[in-house]
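Student: I'm new to this one. Could you take me slowly through a single part, the helix that lies across the sheet, and what surrounds that part?

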Amino acid sequence: MPRFLSMIRVDESQLPPKDFPADFEQKMGALLEEITKAGVMLDTAGLTPTSQATRITWSDGKLSHTDGPFTETKEVVGGYAIMQCKDKAEALEWTHRFLEIHPAEWTVAAELREIAGP
């Protein structure tokens, strides 16, 4: 079965408040339990902010390091999920359900890509 990487994209300059709505964590926990029991979820996690990141670049035969935050980058990957699904349609369905749990006034995007190889 194919594996898919769902990268959750956020604009760090417009992150939602630290206090999530009262039922958000319960809804998210229920979805994560359901997707895990279905045998779809292989791994998932949020990522620390880019202020704690280092970007490593290989160019002209040299390595360079740039410490975050990366203010020139509007959207960053704020989390990920690796899922094993029967097809892309199933991966899209789970990703839609994940996004729909978030409050309507938030802007959260997901980029879904199939993982190449074994």
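Tutor: Helix 2 (residues 88-100) lies across strand 1, strand 5 and strand 6, and the helix runs at about 160° to strand 6. Helices here are DSSP runs of H or I with at least four residues, strands are runs of E with at least two, and both are numbered from the N terminus. For that angle, axes are lines fitted to C-alpha atoms, for helices over the stretch in contact, and angles run from 0 to 180 degrees between N-to-C directions.

Before going on, keep in mind that this is a predicted model: local features need pLDDT of at least 70, side-chain atom pairs count only at pLDDT 80 or more, and totals for chains, interfaces and linings use all residues. Residues are numbered from 1 along each chain as its sequence is written, and side-chain values use heavy atoms, with hydrogens and water left out.

Now the sheet. It is an open one of four strands in the order 2-5-1-6, with antiparallel pairing; two strands count as paired if DSSP finds at least two bridges between them. Strand 2 (41-46) and strand 6 (109-114) are at the edges with a single partner strand each, so one side of each has no neighbour in the sheet. From one strand to the next, the twist averages 20°. Strand 1 (residues 3-11) and strand 5 (residues 75-84) pair in the antiparallel sense over nine bridges, and R3 has Q84 in strand 5 as its bridge partner.

Helix 2 also helps build the largest nonpolar core, which has 15 residues. Such a core is a set of buried Ala, Val, Leu, Ile, Met, Phe, Trp, Tyr and Cys residues joined through side-chain atoms within 4.5 Å, where buried means under 20% relative accessible area, exposed over 50%, and partly exposed in between (1.4 Å probe, protein chains only). Helix 1, strand 5 and helix 2 each give two or more residues to this core, with the largest share, four residues, coming from helix 1. Among the residues with the most contacts inside the core are C85, A91 and W94. Not counting residues up to four places away in sequence, C85 touches M1, P2, F4, V40, E90, A91 and W94; contact means heavy atoms within 4.5 Å. As a general point, nonpolar side chains tend to be buried together in soluble globular proteins.

Over in strand 5, have a look at I82. This residue is partly exposed, with a relative accessible area of 22%. Leaving aside neighbours within four places in sequence, I82 is in contact with F4, L5, V40, M41, L42, D43 and I115.

Finally, follow the chain past the helix. W106 is in the loop between helix 2 and strand 6, and its ring pairs with that of F24 in helix 1 (residues 24-37), 82 residues apart. Rings of Phe, Tyr and Trp (its six-membered ring) pair if their centres lie within 6.5 Å; planes under 30 degrees apart count as stacked, over 60 as edge-to-face and the rest as tilted. The count by that rule comes to one aromatic pair. The centres of F24 and W106 are 5.6 Å apart and the planes are at 50°, so this pair is tilted. F24 is buried, with a relative accessible area of 8%, and W106 is buried too, at 14%.
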